[in-house]
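Trainee: Got a minute to go through this one with me? I'd like to start with the side-chain contacts.

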Amino acid sequence: MMKRWPTAMIESDGDYRKDAHIEQLIKGPLYKHHQPPVSPSSSLPASSGVDASNSDASHASNDALPRLPVPSIQDTIQRFLPTALPLARSQQERTSLRQACDDFPQQAQALQQRLVDRRQSLGMRDSSWLQEWWNQMGYLQVRDPVVVNVSYFFHFVDDPTLDYGDVVGLGGGGSGGVYDTDGDDGGTSNNHTNNKNVLNVQRGAAMLYSTAEFRKMVCSGRLEAESVGRGDRKVPLCSAAYKYMFNACRVPRRRQDAYRMYDPSRCSHAVVSRRGYFFSMEVVDAESQDPLPMEVLEDGLRRCIAIADELSSDSLSSVSSSSLSSVSSSSASSSPTSSQQQQQRQALPTRCKVGLLT
């Protein structure tokens with residue numbers, strides 16, 4: 001079960017320390033290596049619901065997460081020079097580059113000490129000396145277009161359980177279980193489009209279902225924390241960034257953008273795009289946060305397709321009111337399940353809200 005946040009939304013300037021109280025509220029395996037914040041700038045808000053004096057809040061020793069070291073100047077030069085020398089276009093450039101590297105240790109002593117002092121300061125004792133600069137100067141202050149230059153994305157491989165033969169022209173007689181949701185029983189002019197829509201619906205519903213399950217693991221803290229290495233050399237990784245994975249967005253600002261994180265226990269919808277129209281579609285149960293059944297999600301996606309296609313050919317006023325109503329799964333077929341699964345399904349809503357965003 002997801003724990004309710006003290007506020008519906010938290011705005012972050014990229015400093016993980018300032019929203020660490022959320023990790024202490026969620027707890028679970030995902031944040032078992034994380035410590036309560038110790039710096040004055042990251043102290044727990046009175047409304048956080050977390051008792052900082054409670055030793056159980058940390059779940060781990062102070063040495064659970066390895067701290068990012070400040071590389072020595074000599075190590076930095078040894079890594080830099082072999083990669084920079086091949087770029088020199090003349091012997092004079094190579095000589096000048098070597099000389100600059102020889103002079104750099106003396107020139108950088110004061111700066112190096114400032115970095116070491118920053119890492120050893122009380123405010124950075126349970127954090128990375130680099131994370132604030134990295135998030136702010138490397139992301140939030142970057143004025144290049146966010147898409148492509150900054151934003152990450154997910155790539156999904158094709159589902160081998162679906163028959164793509166009739167859609168992508170790879171052969172294969174028959175639809176192989178692909179059904180026509182539009183009820184077109186004659187001719188082949190619309191079969192390609194209809195079958196493609198059906199595959200998109202099936203694929204989209206499967207992605208929404210799996211994503212909702214993974215989201216619940218992340219937002220409830222039940223996901224196991226990541227680590228690198230094997231055996232005795234296994235090292236845990238920081239999980240702070242997981243808070244930004246779901247129900248979060250980047251808000252534009254003039255000098256530096258901000259992150260907004262919304263309490264996932266209060267969110268139950270996803271945004272669906274079709275033909276330039278955007279829909280809010282309910283994908284999880286508002287109480288349990290369990291994903292809605294597959295047939296309900298498929299019905300919701302089919303309704304989004306129908307509304308968008310109708311809007312593309314008609315004015316908004318001509319769209320029937322029934323198109324914007326809740327989606328019912330009562331007529332959808334369901335495969336046999338165990339009694340426990342059926343009980344769980346009966347506890348979930350059989351209707352999925354779909355709304356057109358304007």
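Mentor: Sure, we'll take salt bridges, then aromatics, then a few odd spots; keep in mind that this is a predicted model.

Trainee: How many salt bridges are in the whole structure?

Mentor: The search finds 20 salt bridges.

Trainee: Start with Glu-11. Which side chain does Glu-11 meet in a salt bridge?

Mentor: Arg-253, at 2.9 Å from N to O. Glu-11 sits in strand S1 (residues 9-12) and Arg-253 in the loop between S4 and strand S5 (258-262), so the pair ties together parts that are 242 residues apart in sequence.

Trainee: Are Glu-11 and Arg-253 buried or exposed?

Mentor: In between. Glu-11 is partly exposed at 38% relative accessibility. Arg-253 is partly exposed too, at 33%.

Trainee: And Lys-32, what does its side chain meet in a salt bridge?

Mentor: Glu-224, with an N to O distance of 3.7 Å. This pair also links distant parts of the chain: Lys-32 is in the loop between H1 and H2, Glu-224 is in the loop between H8 and S2, and they are 192 residues apart. Lys-32 counts as partly exposed, at 31% relative accessibility.

Trainee: What about Lys-216? Which residue does its side chain meet in a salt bridge?

Mentor: Asp-290, at 2.6 Å from N to O. Asp-290 is in the loop between strand S7 (277-282) and helix H9 (294-313), while Lys-216 is in helix H8, 74 residues away in a distant part of the chain.

Trainee: Which of those two is buried, then?

Mentor: Lys-216, with a relative accessible area of 13%. Asp-290 is partly exposed at 29%.

Trainee: Which residues are linked in a network of salt bridges?

Mentor: Asp-15, Arg-17, Arg-118 and Glu-132.

Trainee: Switching to rings. How many aromatic pairs does the structure hold?

Mentor: There are 4 aromatic pairs. Take Trp-129 and Trp-133: their ring centres are 6.3 Å apart and their planes are at 85 degrees, so the pair is edge-to-face.

Trainee: How accessible are Trp-129 and Trp-133?

Mentor: Trp-129 is buried, at 8% relative accessibility. Trp-133 is partly exposed, at 31%.

Trainee: Give me another pair. How do Phe-214 and Phe-246 sit?

Mentor: Edge-to-face, with 6.3 Å from centre to centre and 65 degrees between the planes. Phe-214 belongs to helix H8 (residues 191-219) and Phe-246 to the loop between strand S3 (235-236) and strand S4 (248-251), so this pair ties together parts that are 32 residues apart in sequence.

Trainee: And the burial of Phe-214 and Phe-246?

Mentor: Phe-214 is partly exposed, with a relative accessible area of 32%. Phe-246 counts as buried at 17%.

Trainee: Which tyrosines form one aromatic cluster?

Mentor: Tyr-16, Tyr-244 and Tyr-259.

Trainee: Now cysteines. How many disulfides does the search find?

Mentor: It finds 0 in the whole structure.

Trainee: Take Cys-219. Why is there no bond to Cys-267?

Mentor: Because the two sulfurs are 8.8 Å apart, too far for a bond, and Cys-267 holds the closest cysteine sulfur to that of Cys-219. Cys-219 is buried, at 10% relative accessibility.

Trainee: Where is His-34?

Mentor: In the loop between helix H1 (20-26) and helix H2 (73-84). His-34 is buried, with a relative accessible area of 5%. A polar atom of its side chain lies 3.0 Å from the backbone nitrogen of Ser-239.

Trainee: Backbone check. What is phi at Lys-27?

Mentor: Near 55 degrees, a positive value in a residue other than glycine. Most residues other than glycine have a negative phi. Lys-27 is in the loop between H1 and H2 and is buried at 19% relative accessibility.

Trainee: What is phi at Asn-247?

Mentor: Also near 55 degrees, and positive. Asn-247 is in the loop between S3 and S4. Its relative accessible area is 23%, so Asn-247 is partly exposed.

Trainee: Last one. Which residues make the nonpolar surface patch?

Mentor: Val-228, Val-235 and Leu-237, covering about 200 Å². Val-228 is in strand S2 (residues 227-228). Val-228 counts as partly exposed, at 42% relative accessibility.

Technical notes
Residues are numbered from 1 along each chain as its sequence is written. This is a predicted model: local features need pLDDT of at least 70, side-chain atom pairs count only at pLDDT 80 or more; totals for chains, interfaces and linings use all residues. Side-chain values use heavy atoms; hydrogens and water are left out. A disulfide is a pair of cysteine sulfur atoms within 2.5 Å. Buried means under 20% relative accessible area, exposed over 50%, partly exposed in between (1.4 Å probe, protein chains only). Helices (H or I, at least four residues) and strands (E, at least two) are DSSP runs, numbered from the N terminus. A polar contact is a pair of N or O atoms within 3.5 Å; within protein, one must be able to donate a hydrogen and the other to accept it, and residues adjacent in sequence count only if both atoms are side-chain atoms. Patches are made of residues with over 30% relative accessible area and no salt bridge: like charges are joined within 9 Å, nonpolar side chains (Val, Leu, Ile, Met, Phe, Trp, Tyr) within 5 Å. Accessible areas come from the Shrake-Rupley method with a 1.4 Å probe; for residues, only the protein chains shown count as cover. A salt bridge is a side-chain nitrogen of Lys or Arg within 4 Å of a carboxyl oxygen of Asp or Glu. Rings of Phe, Tyr and Trp (its six-membered ring) pair if their centres lie within 6.5 Å; planes under 30 degrees apart count as stacked, over 60 as edge-to-face and the rest as tilted.
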